[in-house]
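Work through the exercises below with the model in view. Try each task before you read its solution.

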Amino acid sequence: MAIEKVKAFFLQYGIEDRMQEFDVSSATVELAAQALGCEPCRIAKSLSFMVDGRAILVVAAGDARVDNPKYKARFGTKAKMLRPNEAEALIGHAVGGICPFGINEGVAVYLDESLKRFETVFPACGSSNSAIELSIPELEKYSGFVSWVDVCKNWQG
């Protein structure tokens with residue numbers, strides 16, 4: 001199970017006990033916000049795409065939407081999300097629990113600027129009923145991100 005991969009990943013940093021598992025689904029931004037009792041914008045959603053034959057993740061705030069012209073300018077290709085079966089095979093987590101932790105080798109992680117306005121955010125932990133609260137520096141550290149990107153819209157106050 002992917003949540004076990006994430007637990008093992010966080011175990012090496014001694015923070016596996018910060019993971020939260022819910023009795024309800026947290027598979028969407030809205031459901032995760034309800035389960036956590038926080039604003040939907042603080043959910044750090046991991047969006048999976050294919051770029052140059054490689055799977056990538058863009059982690060963005062829950063209220064952000066991909067801006068196609070910005071995405072194409074940054075990655076040189078049209079934003080095409082992975083289908084659920086592709087995401088699980090290429091990323092290592094199923095849709096609803098995709099996160100940048102305990103992922104398959106070779107998946108590049110990018111963090112979107114939409115996250116920088118928060119002290120802490122809540123990414124999933126590999127299952128559709130889990131999350132962890134991380135500060136932005138912690139998210140940078142544990143996600144092993146390549147770089148910050150600005151590929152989203154609709155989040156600027």
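**Exercise 1. In what order do the 6 strands of the open sheet stand, and what is the pairing?**

Solution. This is a predicted model: local features need pLDDT of at least 70, side-chain atom pairs count only at pLDDT 80 or more, and totals for chains, interfaces and linings use all residues. Residues are numbered from 1 along each chain as its sequence is written, and side-chain values use heavy atoms, without hydrogens and water.

Step 1. Read the order: β8-β6-β2-β3-β5-β9. Strands here are DSSP runs of E, at least two residues, and helices are runs of H or I, at least four, both numbered from the N terminus.

Step 2. Name the pairing. It is mixed. Two strands pair if DSSP finds at least two bridges between them.

Step 3. Look at the edges. β8 (134-135) and β9 (147-149) each have a single partner strand, so one side of each has no neighbour in the sheet.

**Exercise 2. Trace the pairing of β6 with β2 and with β8.**

Solution. Strands of a sheet pair through backbone hydrogen bonds, either parallel or antiparallel.

Step 1. Start with β2 (residues 43-51) and β6 (residues 120-123). They run parallel and are joined by 2 bridges. A44 stands opposite P123 in β6.

Step 2. Turn to β8. β6 pairs with β8 over 2 bridges, in the antiparallel sense. V121 stands opposite L134 in β8.

**Exercise 3. Locate D52 and N154, and describe the phi and the exposure of each.**

Solution. Most residues other than glycine have a negative phi.

Step 1. Take D52. Its phi is positive, about 50°, although D52 is not a glycine. D52 sits in the loop between β2 and β3 (54-61). D52 counts as exposed because its relative accessibility is 75%. (Exposed means over 50% relative accessible area, buried under 20%, partly exposed in between, with a 1.4 Å probe and protein chains only.)

Step 2. Take N154. Its phi is also positive, about 70°, and N154 is not a glycine. N154 belongs to the segment after β10 (152-153). Its relative accessibility is 56%, so N154 counts as exposed.

**Exercise 4. Describe the whole protein.**

Solution. Step 1. Count the elements: 5 helices and 10 strands.

Step 2. Check the fold's extent. The C-alpha atoms fill a box of roughly 40 × 35 × 25 Å along the principal axes.

Step 3. Ask about burial. Of the 157 residues, 51% are buried.

Step 4. Turn to contacts (heavy atoms within 4.5 Å). Among those between residues at least 6 apart in sequence, 65% join residues at least 24 apart.
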